[in-house]
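Subject: Structure handover

Hi,

Here is the structure I promised to pass on. Have a look at it first, and my notes follow underneath.

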Amino acid sequence: MSIDDDVVLLERVPTLRLLGAEALRVLAIGAEQQQFASGSILFRAGDEADGGYVVQEGSFRIHVPDGHDREVVAECGTLIGELALIVPISRQATAIAREYSMVIRVSRTLFLRVLDSYPAAAHRLRDELANRTRQTTSDILMASAKLSS
């Protein structure tokens, strides 16, 4: 795929779209593409995370080992490991390719450099994350109130 194709894909990701086309172009140029055969492991729960992945082709089964055997499927255009773009964290799930798949890997170092270079993009991202945090807090408070009733 070309850089322009990668930018178009990155623009489909809601979190990344906030950065704007110019910043996404820098991300696309600095990111790396990785290929995975069916059944290959992208990462395991407990691995140190140093970036995120945008599914470019194929799909991944994301298994969360929390005793409930939860699984989700990440398909084309999905960002896996969003929080790892910003802070050091351990992977909370295992991701396995369901078929031949490709990802665009964005390292935390690259992502943070882009935020430093594009302060307006960093502000938009900060505002979005703050809104999500407020919404999550509100949802927790509402659920807690319902459980207490």
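Before the charges, a quick word on counting: Lys and Arg are taken as positive and Asp and Glu as negative, while His and the chain ends are left out. Counted that way, the chain carries 16 positive and 20 negative charges, and their mean positions sit 4 Å apart. Do keep in mind that this is a predicted model.

**Overall picture**

The chain is built from five helices and 10 strands. Its C-alpha trace spans about 55 × 40 × 25 Å along the principal axes. There are 149 residues, and 36% of them count as buried. If you take contacts between residues at least 6 apart in sequence, 72% of those join residues at least 24 apart. The exposed area comes to about 8,400 Å², with carbon and sulfur atoms supplying 54% of it.

**Salt bridges**

I found seven salt bridges in the structure. Here are some of them.

Arg25 pairs with Asp4, and the closest N and O atoms are 2.2 Å apart. Arg25 belongs to helix H3 (residues 21–30) and Asp4 to helix H1 (residues 3–11), so this pair ties together parts that are 21 residues apart in sequence. Arg25 is partly exposed, as its relative accessible area is 35%. Asp4 also counts as partly exposed, at 43% relative accessibility.

Then there is Arg105 with Asp50, at 2.8 Å from N to O. Arg105 lies in strand E10, whereas Asp50 is in the loop between strand E3 (48–49) and strand E4 (51–57), so the bridge links parts that are 55 residues apart in sequence. Arg105 counts as buried because its relative accessibility is 12%, which is under the 20% cut-off. Asp50, at 40%, counts as partly exposed.

Asp127 and Arg126 form another salt bridge, with 3.0 Å between the closest N and O atoms. Asp127 is partly exposed at 38% relative accessibility, and so is Arg126 at 46%. Elsewhere, salt bridges with shared partners join Glu32, Asp50 and Arg105 into one network.

**Arg91**

This one may interest you. Which side chain of opposite charge is nearest to Arg91, and how far away is it? It is Asp50, at 4.9 Å, and Arg91 has no salt bridge although it is buried. The lack of a bridge follows from the cut-off, because a salt bridge needs the nitrogen within 4 Å of a carboxyl oxygen.

Arg91 sits in the loop between strand E8 (89–90) and strand E9 (94–97). A polar atom of the Arg91 side chain lies 2.8 Å from the backbone oxygen of Gly51. Leaving out neighbours within four places in sequence, Arg91 is in contact with a list of residues that includes Phe43, Arg44, Asp47, Asp50, Gly51, Tyr53 and Ala84.

**Ser107**

Asp50 and Gly51 turn up again here: Ser107 touches both, as well as Leu85, not counting residues up to four places away in sequence. Ser107 is part of strand E10 (residues 101–107). Is Ser107 buried or exposed? Its relative accessibility is 19%, so Ser107 counts as buried.

If you open one spot in the viewer, try Asp50: Asp50 bridges to Arg105, touches Ser107 and is in contact with Arg91.

Cheers

Conventions
Residues are numbered from 1 along each chain as its sequence is written. This is a predicted model: local features need pLDDT of at least 70, side-chain atom pairs count only at pLDDT 80 or more; totals for chains, interfaces and linings use all residues. Side-chain values use heavy atoms; hydrogens and water are left out. Helices (H or I, at least four residues) and strands (E, at least two) are DSSP runs, numbered from the N terminus. Buried means under 20% relative accessible area, exposed over 50%, partly exposed in between (1.4 Å probe, protein chains only). Contact means heavy atoms within 4.5 Å. Accessible areas come from the Shrake-Rupley method with a 1.4 Å probe; for residues, only the protein chains shown count as cover. The place of a charge is taken as NZ of Lys, CZ of Arg, CG of Asp or CD of Glu. A polar contact is a pair of N or O atoms within 3.5 Å; within protein, one must be able to donate a hydrogen and the other to accept it, and residues adjacent in sequence count only if both atoms are side-chain atoms.
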